Amino acid sequence: MTITCDICVIGSGAVGKAGALALARAGLQVALVAPALPAQDAPPPADWDLRVYALNHVARSLLSTLRVWDAMDATRIAAVDAMAIHGDAAANAGPLGFDAYGARVDALAWIVEDSNLNRALDAALRFASGVRLVQGSAVQMHCTADRATVMLDSGQPIECSLLVGADGAHSWVRTQADIGVDYRSYGQRAVVANFACERPHHGVASQWFLGAEGIVALLPLSGERVSLVWSAPEPLAAALMREAPERLCERLQQLPGQALGALTMLPPAAPRAFPLRLIRSASLVAHRVALIGDAAHVVHPLAGQGMNLGFADIDALLAALGRREQAADYGDARTLARYARSRKEEVLLMQVATDGLQRLFSSELEPVKVVRNLGMAAIDRLPFLKRRLMAHAFGRSLYSPTGEKS
Ligand SMILES: Cc1cc2nc3c(=O)[nH]c(=O)nc-3n(C[C@H](O)[C@H](O)[C@H](O)COP(=O)(O)OP(=O)(O)OC[C@H]3O[C@@H](n4cnc5c(N)ncnc54)[C@H](O)[C@@H]3O)c2cc1C
């Protein structure tokens with residue numbers, strides 16, 4: 001029997017799940033296509049998850065509205081109270097600093113484990129009245145003037161007004177909708193691992209731009225623990241993955257200005273690595289199709305923004321659907337164009353900023369090194385510019401001291 005709904009969301013990563021919940025909360029009948037259905041109340045993992053996200057204010061606000069934020073285990077969420085960004089200047093250059101006090105917010109961001117987030121999303125989905133979970137992978141899709149139909153590998157057809165592609169970087173929906181992409185590999189992998197630290201991190205997220213050795217971030221976890229994301233060129237990433245945990249700890253202990261003392265790798269005591277690439281979709285929409293999350297854009301994780309962009313896509317899609325004309329259905333072309341327009345600036349800005357920073361800080365040219373470090377020192381002395389940067393990085397809900405939205 002054909003399943004009929006208003007919107008079919010394909011892809012059950014965190015963005016797809018949150019998208020389905022948000023659309024259902026707006027009163028729409030949603031089908032969420034997931035290769036595997038959420039486990040019923042799986043016990044929380046004992047180990048610290050190697051996948052963690054720095055979620056900003058926009059993400060927190062959406063997840064709170066969906067009652068997902070409060071369903072997460074709060075004892076495993078760490079607030080980021082400050083950021084210290086270290087350039088690769090030869091000597092005596094202090095880090096570029098951002099802090100929650102300066103931004104007049106309770107925290108710049110929150111570090112959340114993937115498992116904590118997904119367990120809360122799964123629990124919310126089990127109780128969501130407007131979401132029908134359909135197990136399977138989409139293998140065929142067909143759009144007519146007024147409907148879209150998806151066929152799953154199980155043979156199950158789903159008919160809807162709008163198809164939402166939330167199926168990740170290699171989006172099947174994007175390909176089927178004939179939306180082209182600009183794809184560039186960074187020739188880097190992000191090596192991730194968790195560590196216990198000898199001294200408290202005081203809620204500081206630290207980042208080091210190491211030129212030819214890539215970019216290291218140590219993000220605070222609850223207690224005296226930190227999570228590493230080292231965006232390393234392929235050969236170095238391979239070496240980091242091969243070497244003994246003690247050697248990786250030593251490398252991190254030697255980072256200039258590192259204030260955490262001795263580090264010990266936490267179980268599973270073996271890092272994981274993720275290939276890094278820039279993926280720019282030619283469009284966020286096609287006939288009866290909207291893309292959200294990594295299906296729509298993949299950025300370098302140096303600013304910790306991919307998931308945040310995905311959650312902001314959901315907000316924008318809801319707003320566009322909310323403003324559609326009364327006679328229009330959910331896949332109406334003008335509504336989709338409004339969604340695409342509303343995301344254009346922020347997505348482009350984040351793509352340009354993360355890509356530009358990555359290129360700027362990987363250059364080995366001496367004049368470039370000097371300029372980038374001078375630039376960081378200058379930003380540190382310009383409160384207005386710092387506030388603008390913070391508003392973009394940590395969510396536009398941050399307010400300027402005049403009370404205006406930044
Ligand atoms: C090292 C690293 C660190 C990061 N840190 C941060 C951070 O601090 N903050 C931040 O905001 N972002 C961060 N990101 C980015 C973030 O991880 C991604 O943006 C986010 O996970 C994308 O989620 P998604 O739901 O869009 O896609 P995915 O998580 O890739 O989910 C896609 C889903 O679609 C399913 N699917 C695929 N094809 C089909 C099909 N044909 N039918 C049905 N289902 C299908 C897949 O099984 C999968 O479940 C980081 C990324 C990396 C690599």
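Q: How much accessible surface does the protein have, and what share of it belongs to carbon and sulfur atoms?
A: The structure is a predicted model. Its accessible surface comes to about 18000 Å². Carbon and sulfur atoms account for 55% of that surface.

Q: What share of the residues counts as buried?
A: The protein has 406 residues, and 53% of them count as buried. To be counted, a residue must have under 20% relative accessible area.

Q: What makes up the fold, in helices and strands?
A: The protein holds eleven helices and 22 strands. Among contacts between residues at least 6 apart in sequence, 72% join residues at least 24 apart.

Q: Why is His57 called buried?
A: The relative accessibility of His57 is 13%. Buried means under 20%, so His57 at 13% counts as buried. His57 belongs to helix 2, which covers residues 57-65.

Q: What makes the pair of His57 and Ala107 a polar contact?
A: A polar atom of the His57 side chain lies 2.7 Å from the backbone oxygen of Ala107. The cut-off for such a pair of N or O atoms is 3.5 Å, so 2.7 Å falls within the limit.

Q: Why is Val131 called buried?
A: Val131 has 10% relative accessibility. The limit is under 20%, and therefore Val131 counts as buried. Val131 lies in strand 9, residues 131-135.

Q: Which residues is Val131 in contact with, leaving aside its neighbours within four places in sequence?
A: Val131 is in contact with Ala20, Leu21, Ala24, Val30, Leu32 and Leu125. In addition, the C-alpha atoms of Val131 and Leu23 are 8.7 Å apart in space, while the two residues are 108 apart in sequence.

Q: How do you know that Glu243 and Arg251 make a polar contact?
A: The side chains of Glu243 and Arg251 make this contact at 2.8 Å. The cut-off is 3.5 Å, so the distance of 2.8 Å is within it. Glu243 sits in the loop between helix 6 (234-242) and helix 7 (245-253). Beyond its neighbours within four places in sequence, Glu243 is in contact with Leu248 and Arg251.

Q: Which residues touch the most other members of the largest nonpolar core?
A: Leu117 and Phe311 do, in a core of 74 residues. Helix 1 gives the largest share of this core, eight residues. Not counting residues up to four places away in sequence, Phe311 touches Ala14, Val15, Ala18, Leu55, Ala59, Leu62, Leu63 and Leu117. A second, separate core has 31 residues, including Met83, Ala217, Leu221 and Leu278.

Q: Which residues come nearest to the ligand?
A: Out of 29 residues around the ligand, the nearest are Ala54, Asp294, Gly304, Met307 and Asn308. The shell consists of 15 nonpolar, eleven polar and three charged residues. Helix 1 (14-25), strand 4 (52-55) and helix 8 (306-322) each supply at least two residues of this shell.

Q: What makes the ligand's pairs with Ala54, Ala138 and Met307 polar contacts?
A: An oxygen atom of the ligand is 2.7 Å from a backbone N or O atom of Ala54. A polar backbone atom of Met307 is 2.9 Å from an oxygen atom of the ligand. For Ala138, a polar backbone atom lies 3.0 Å from a nitrogen atom of the ligand. A polar contact is a pair of N or O atoms within 3.5 Å, so these pairs qualify. Taken alone, the ligand exposes 1000 Å², and the protein buries 79% of that.

Note on methods:
Residues are numbered from 1 along each chain as its sequence is written. This is a predicted model: local features need pLDDT of at least 70, side-chain atom pairs count only at pLDDT 80 or more; totals for chains, interfaces and linings use all residues. Side-chain values use heavy atoms; hydrogens and water are left out. A residue is near a molecule or strand if one of its heavy atoms lies within 4 Å of it. A polar contact is a pair of N or O atoms within 3.5 Å; within protein, one must be able to donate a hydrogen and the other to accept it, and residues adjacent in sequence count only if both atoms are side-chain atoms. Accessible areas come from the Shrake-Rupley method with a 1.4 Å probe; for residues, only the protein chains shown count as cover. Helices (H or I, at least four residues) and strands (E, at least two) are DSSP runs, numbered from the N terminus. Ala, Val, Leu, Ile, Met, Phe, Trp, Tyr, Cys and Pro count as nonpolar, Asp, Glu, Lys and Arg as charged, and the others, Gly among them, as polar. A nonpolar core is a set of buried Ala, Val, Leu, Ile, Met, Phe, Trp, Tyr and Cys residues joined through side-chain atoms within 4.5 Å. Buried means under 20% relative accessible area, exposed over 50%, partly exposed in between (1.4 Å probe, protein chains only). Contact means heavy atoms within 4.5 Å.
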